[in-house]
2 protein chains.
Amino acid sequence: MRIRIDPTLPTPLFEQLAGAVRSAIIDGRVIGGERLPAARRLAEGLGVNLHTVLRGYRLLRDEGLIELHRGRGAVVATRIGGHAALAGAVHDLVDEAKLHDLPESALLALVSEAYRSAPSAPGVLRTGPTR
Amino acid sequence: MRIRIDPTLPTPLFEQLAGAVRSAIIDGRVIGGERLPAARRLAEGLGVNLHTVLRGYRLLRDEGLIELHRGRGAVVATRIGGHAALAGAVHDLVDEAKLHDLPESALLALVSEAYRSAPSAPGVLRTGPTR
DNA sequence: CGACTTGTTCGACTATCGATAGAACAATAA
DNA sequence: TTATTGTTCTATCGATAGTCGAACAAGTCG
């Protein structure tokens, strides 16, 4: 998995990192159980601080995409499979938005608002960070 | 159009304001050509600063949803019609995300990444703020 | 056990952002 | 003209975000 970080972008480094890994997971390019690079090694390789990498990892953990264990490192969650339907829905939405010439920020705001005012998935115990 | 502002939420006030108006426009609850409240009056009514309201309006203008003119006020853009398909796509995506128990932040990041790495709409001259 | 690896926690610093404020300005409406 | 309305500029203040250094604790492995 190739990870690219650009310090000149307005997007925070830890978010860029998490975004790269997240996409790889959703697209199925990394399988459940696969181990990610150790934070310290990745940090050195990318030229960023240890905490920056760990913050990205922690973000993915809070999203339920990976697991973190001391001494064992970061591992992709096993329950994660290829979310083809999800990836498709994302693609469709982006197409529709660009058709209407709607900017990214507006699209994100719409999704955010819809997410908050929609009922949660049935039969699911919501736990962990709600933010 | 009812607008609610909650200073205790982490979401910035100007974003809350813009979000409320944006949803109303996309959902078709306000029609193209309709005039929005004057910034000074709305600010006083909501108990916020004039600049805060104007920032929200400016955001919507940059998104192409409204028009701003001195002395004339803020008016919903006429080219705006029923974005039923868009609203539907948003709804579908949120459903799919909740089905996979994917948090809001992760969903937004996915959409953002997809938006940036997707080709622009054909035959459309992109202008204005790119951010 | 003992050495090593790896994530965790505490604390701190700096830059940016959000909100407010006041004042003057320019275009439009009545 | 007079009143209205958005625009621009400058400035201040507090809170939040992003990055970083050092010490710590849980786990792995020979």
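Me: How many residues surround DNA strand D, and which are the closest?

Reply: This is a predicted model. In this model 24 residues surround DNA strand D, and the closest are A:Pro12, A:Leu13, A:Asn49, A:His51 and B:Arg40.

Me: Which part of DNA strand D do the protein atoms approach, sugar and phosphate or bases?

Reply: Look at the strand atoms within 4 Å of the protein and sort them. For DNA strand D, 59% of these atoms belong to sugar or phosphate and the rest to bases.

Me: Which side chains have a polar atom at a phosphate oxygen of DNA strand D?

Reply: Read these contacts as pairs of N or O atoms. Three such pairs can be named here. The side chain of A:Thr52 has an N or O atom 3.4 Å from a phosphate oxygen of DNA strand D. For A:Arg55, a polar side-chain atom is 3.3 Å from a phosphate oxygen of that strand, and for A:Arg72 the distance to a phosphate oxygen is 3.4 Å.

Me: Which elements give two or more residues to the surface near DNA strand D?

Reply: Chain A gives H1 and H3, while chain B gives helix H2 (39–46), H3, strand S1 (66–69) and strand S2 (73–76). By class, the residues of this surface divide into nine nonpolar, eight polar and seven charged.

Me: Turning to DNA strand C, which residues come nearest?

Reply: There are 24 residues around DNA strand C, and A:Arg40, A:Leu54, B:Leu13, B:His51 and B:Thr52 come nearest. Sugar and phosphate make up 65% of the strand C atoms that come within 4 Å of the protein.

Me: Where on DNA strand C do the polar atoms of A:His51, B:His51 and B:Arg70 lie close by?

Reply: Separate base atoms from backbone atoms on the strand, and side chain from backbone on the protein. A base oxygen of DNA strand C lies 2.6 Å from a side-chain N or O atom of B:His51. A:His51 also has a polar side-chain atom at a base oxygen of DNA strand C, at 3.5 Å. With B:Arg70 the protein atom is a polar backbone atom, 3.1 Å from a sugar or linking oxygen of the strand.

Me: Which elements supply at least two residues of the surface near DNA strand C?

Reply: From chain A they are helix H2 (39–46), helix H3 (50–62), strand S1 (66–69) and strand S2 (73–76); from chain B, helix H1 (13–26) and helix H3 (50–62). This surface has nine nonpolar, eight polar and seven charged residues.

Me: How many residues does each chain bring to the contact between chain A and chain B?

Reply: Chain A brings 44 residues and chain B brings 43. The two chains bury about 4,200 Å² between them, with 66% of it on carbon and sulfur atoms. On the chain B side, B:Lys98, B:Glu104 and B:Tyr115 lose the most area to chain A, together 18% of what that side buries.

Me: How many salt bridges and polar pairs cross that interface?

Reply: Two salt bridges cross it, and 13 residue pairs are in polar contact. In chain B, H1, helix H4 (84–99) and helix H5 (104–116) each supply at least two residues of the side that touches chain A. H5(B) gives the most, with 13 residues. That side of chain B divides into 24 nonpolar, eight polar and eleven charged residues. A salt bridge between chains joins A:Glu104 and B:Arg116, 3.1 Å from N to O.

Me: How many salt bridges does the structure hold over all chains?

Reply: The total is eight. One of them is A:Arg22 with A:Glu63, whose closest N and O atoms are 2.9 Å apart. This pair links distant parts of the chain: A:Arg22 is in helix H1 (residues 13–26) of chain A and A:Glu63 in the loop between H3 and S1, 41 residues apart.

Me: Are A:Arg22 and A:Glu63 buried or exposed?

Reply: Both are buried. Check each partner of a salt bridge in turn. A:Arg29 and A:Asp27 also meet in a salt bridge, at 3.3 Å. A:Arg29 counts as exposed because its relative accessibility is 53%, above the 50% cut-off. A:Asp27, at 48%, is partly exposed.

Me: What is the distance between B:Asp27 and B:Arg29 in their salt bridge?

Reply: Their closest N and O atoms are 3.3 Å apart. B:Asp27 is partly exposed at 49%, and B:Arg29 counts as exposed at 53%.

Terms used
Residues are numbered from 1 along each chain as its sequence is written. Chains are lettered from A and ligands numbered from 1 in the order in which they are written. This is a predicted model: local features need pLDDT of at least 70, side-chain atom pairs count only at pLDDT 80 or more; totals for chains, interfaces and linings use all residues. Side-chain values use heavy atoms; hydrogens and water are left out. A residue is near a molecule or strand if one of its heavy atoms lies within 4 Å of it. A polar contact is a pair of N or O atoms within 3.5 Å; within protein, one must be able to donate a hydrogen and the other to accept it, and residues adjacent in sequence count only if both atoms are side-chain atoms. Helices (H or I, at least four residues) and strands (E, at least two) are DSSP runs, numbered from the N terminus. Ala, Val, Leu, Ile, Met, Phe, Trp, Tyr, Cys and Pro count as nonpolar, Asp, Glu, Lys and Arg as charged, and the others, Gly among them, as polar. A salt bridge is a side-chain nitrogen of Lys or Arg within 4 Å of a carboxyl oxygen of Asp or Glu. Buried means under 20% relative accessible area, exposed over 50%, partly exposed in between (1.4 Å probe, protein chains only). Contact means heavy atoms within 4.5 Å. Buried area is the accessible area (1.4 Å probe) that two parts lose on being put together, summed over both.
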